[in-house]
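Work through the exercises below with the model open. Try each task before reading its solution.

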Amino acid sequence: MKETMDRVYSFIDASRDETLEFWEEIVRMESGSREPEKVRLLGERLKLEFEKVGFECELVEVGVNAPTLVGVLGKDRPAKPVVFSGHMDTV
């Protein structure tokens, strides 16, 4: 377990600046609930990041509002996959 945690900590340390830049970018993206096109743009940006690490993603239309992002990681593995789903509007 210690070896695994050491690898996790090393990854966090090595990607710290990149991670902070990414979070700053998405925090600055206005995405009010009455601005579906802006929420869609944020969803598209997040989709790219999730796909980089292996998620299968899609933006799912949910009526007049902006789509929601749904991502699945490990769909074909024997254990249960990781499913990510949420909303992206600024509240």
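Two exercises follow, each with a worked solution. The model is predicted: local features need pLDDT of at least 70, side-chain atom pairs count only at pLDDT 80 or more, and totals for chains, interfaces and linings use all residues. Residues are numbered from 1 along each chain as its sequence is written, and side-chain values use heavy atoms, with hydrogens and water left out.

**Exercise 1. Classify the aromatic pair F22 and W23, then find the burial class of each residue.**

Step 1. Apply the pair rule: rings of Phe, Tyr and Trp (its six-membered ring) pair if their centres lie within 6.5 Å; planes under 30 degrees apart are stacked, over 60 edge-to-face, the rest tilted. Two aromatic pairs result.

Step 2. Ring centres of F22 and W23 are 6.1 Å apart and the planes stand at 65 degrees, so this pair is edge-to-face.

Step 3. Check burial (buried is under 20% relative accessible area, exposed over 50%, partly exposed in between; 1.4 Å probe, protein chains only). F22 has 16% relative accessibility, so it is buried. W23 has 49%, so it is partly exposed.

Step 4. F50 and F55 are also edge-to-face, at 5.0 Å centre to centre and 75 degrees between planes. Both F50 and F55 are buried.

**Exercise 2. Describe the surroundings of S31.**

Step 1. Locate S31: it sits in the loop between α2 (16–27) and α3 (36–52). Helices here are DSSP runs (H or I, at least four residues), numbered from the N terminus.

Step 2. Its relative accessibility is 2%, so S31 is buried.

Step 3. List contacts (heavy atoms within 4.5 Å). Beyond neighbours within four places in sequence, S31 touches K38, V39, L42, M88, D89 and T90.

Step 4. A polar atom of the S31 side chain lies 2.8 Å from the backbone oxygen of M88.

Technical notes
Helices (H or I, at least four residues) and strands (E, at least two) are DSSP runs, numbered from the N terminus. A polar contact is a pair of N or O atoms within 3.5 Å; within protein, one must be able to donate a hydrogen and the other to accept it, and residues adjacent in sequence count only if both atoms are side-chain atoms.
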